[in-house]
2 protein chains.
Amino acid sequence: MLCAAPEAGIIAAMNAIQGARSRARAEITAAIKEEARRQLADEGAARLSLRAVARQLGMASSAIYRYFPSRDDLLTALIVDAYDAVGAAAERALGSAGEHPDPVARWCEVCRAVRGWARDHPHEYALIYGSPVPGYAAPRDTAAPAARIGRALLIVAADARSAGLFTPPGPGRVPAAVADDLRQLAGRMAGDAPQAPPVPAELLTAPLIAAWAQLFGLISFELFGHFNRVIEAREEFFTASVTLLAHDVGLRSPGA
Amino acid sequence: MLCAAPEAGIIAAMNAIQGARSRARAEITAAIKEEARRQLADEGAARLSLRAVARQLGMASSAIYRYFPSRDDLLTALIVDAYDAVGAAAERALGSAGEHPDPVARWCEVCRAVRGWARDHPHEYALIYGSPVPGYAAPRDTAAPAARIGRALLIVAADARSAGLFTPPGPGRVPAAVADDLRQLAGRMAGDAPQAPPVPAELLTAPLIAAWAQLFGLISFELFGHFNRVIEAREEFFTASVTLLAHDVGLRSPGA
DNA sequence: CTTTTGCAAGAGCGGTGCTCTCGATGTTGT
DNA sequence: ACAACATCGAGAGCACCGCTCTTGCAAAAG
């Protein structure tokens, strides 16, 4: 493995050397994030304490600042990870239901995957979809990961259109300013991920964006307790609501 | 005043005396809440500090605890006030659009009132509809104020039905467990506010509850920054989305 | 007038985020 | 191989936090 390809070996060795110190850095950074994520899951973002993380890791609290310049930066890292995790969950559902012929069912599966992740990681969900952190830290890093589940929903619609099961929402009048926003957004999405299949602009509709936001209204109400003593059959209610959302977006089941 | 009407005079005097000290209490309590609300609006709930409130009011920090046993209790009081404020805004919109013959427009006005209040008081909105506070303080006190805007939405539907402009959402299958929840909820709402006109149970539908939650999905996404670089024509988009929601609920415009 | 009660103030405890300095420990250039 | 360098951990310390306890004072109650 060392001499098979000389140049590759040298590069690997250099990586290993530089890796020797920066791997230690990466390992400690990962350990800090891991412990922070545990505390986040246990107590929530408000109770996450740098000193407690350091204590648990057996290091001085001041040493943490070699890896994260502030508490808000640690939280920002956790935010990015959370966006990636929920995005991955949505994409997994999208893939595993890929062959499903019913776009409505596929839409529901993606939504259910997001809800399932949220229920499994309530504090991480609250971190990204609840009140923004006071520091309001992450402007750019989170943009791409945050778009993943929106993109997953869009792919459901795109595949439905390929199968002739998408009827663009017609009668609702879309204001011109909103139409402009949607055009710009389509261009931005194409520019951000050039390798991904370009999303047809006519699928990026106002009802789809609204459904995207409304999905999180449903999840947040459930997780944040607003359905207490209102709706107890949470799963059934969510599936029914999200099915209605699919129809609003323009998806049709094959039989209909 | 003492001998005019003996019993009444004594009672009035006792009220005045008790009022003398308990009015001071009420005034200081109100001042604390007012200053706390100012800090909440400035910096958000996370940065609200009892010591800073006391400092601003020129009193020792320990004196605050005579009025609020803990920081979470102060926050709970602010939460109740915020629910009342947004509920009042919704009811005001309901009343001022009372004579409007179009239920869809009325629905939109209520929704726009909620959104307007949220934009004017973003931190208070985040306090009640964002991530729950770690202390998870208020279980019962908030239930009634929180129901006010849901009730306002319901009244729009009820008046629409009276005008023959409500078509109950039909085709979507409602699971039996959800139907049970709705029945129980209708009973509970009738019991909680016996003086209010009883809400017809057939108006308390799953789509209406869903629309209620989804409304806050739209508002939260806007306020919490998820529409940044996505939708800039916020007002137009909101109105369009909320109009679609009205149709989902079963409201019809008179002309249609 | 005395006693009881309610309130404000101060000191203090343990905790927090964060900064600074100071040695120890590599890593790098000559 | 040695010196110069950058990196890192640890400790002390600052200002702030929520909260408790005690003390003294003033007003109400008897």
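Me: Before we look at the DNA, what is a polar contact here?

Reply: A polar contact is a pair of N or O atoms within 3.5 Å. Keep in mind that this is a predicted model. Here is a case: an N or O atom in the side chain of Tyr67(B) is 3.0 Å from a phosphate oxygen of DNA strand C.

Me: Which part of Arg71(A) approaches a phosphate oxygen of DNA strand C?

Reply: A backbone N or O atom of Arg71(A) does, at 2.6 Å. With Arg66(B), an N or O atom of the side chain lies 2.8 Å from a base nitrogen of DNA strand C.

Me: How many residues surround DNA strand C?

Reply: There are 19, and the closest are Arg21(A), Leu50(A), Arg51(A), Arg55(A) and Arg71(A). Of the strand's atoms that come within 4 Å of the protein, 47% belong to sugar and phosphate.

Me: Which helix gives the most to the surface near DNA strand C?

Reply: Helix 2 of chain A, with three residues. At least two residues each come from helix 2 (50-57) and helix 3 (61-64) of chain A and from helix 1 (6-43) of chain B.

Me: Let's turn to helices. Why do residues three or four places apart point the same way in an α-helix?

Reply: The reason is that an α-helix has 3.6 residues a turn. Now take helix 8 of chain B: the buried residues are Val178(B), Asp181(B), Leu182(B), Leu185(B), Ala186(B) and Met189(B). Viewed down the helix axis, these buried residues fall within an arc of 140°, so they line one face. Ala176(B), Arg183(B) and Gln184(B), on the other side, are exposed.

Me: What covers the buried residues of helix 8 of chain B?

Reply: The cover includes helix 7 and helix 9 (206-223) of chain B, together with helix 10 (234-249) of chain A. As for its length, helix 8 has 17 residues and reaches 24 Å from first C-alpha to last, close to the 24 Å expected at 1.5 Å a residue.

Me: And just before that helix, is Gly164(B) buried or partly exposed?

Reply: Gly164(B) is partly exposed, with a relative accessible area of 44%. Its place is in the loop between helix 7 (143-162) and helix 8 (176-192) of chain B. Leu251(B) is 87 residues from Gly164(B) in sequence, with 9.5 Å between their C-alpha atoms.

Me: Finally, what rotation superposes chain B on chain A?

Reply: One of 180°, with 0.0 Å of shift along its axis and an RMSD of 0.1 Å. The two copies are therefore related as by a two-fold rotation axis. In chain B, the C-alpha nearest that axis belongs to Gly217(B), 1.7 Å away. Since 100% of the interface residues of chain B are also interface residues in chain A, the copies meet through the same surface.

How values were computed: Residues are numbered from 1 along each chain as its sequence is written. Chains are lettered from A and ligands numbered from 1 in the order in which they are written. This is a predicted model: local features need pLDDT of at least 70, side-chain atom pairs count only at pLDDT 80 or more; totals for chains, interfaces and linings use all residues. Side-chain values use heavy atoms; hydrogens and water are left out. Helices (H or I, at least four residues) and strands (E, at least two) are DSSP runs, numbered from the N terminus. Buried means under 20% relative accessible area, exposed over 50%, partly exposed in between (1.4 Å probe, protein chains only). Copies are superposed by least squares on the C-alpha atoms of residues with pLDDT of at least 70 in both. Contact means heavy atoms within 4.5 Å. The expected span of a helix is 1.5 Å times one less than its number of residues. The arc is that of the directions from the helix axis to the C-beta atoms. A residue is near a molecule or strand if one of its heavy atoms lies within 4 Å of it. A polar contact is a pair of N or O atoms within 3.5 Å; within protein, one must be able to donate a hydrogen and the other to accept it, and residues adjacent in sequence count only if both atoms are side-chain atoms.
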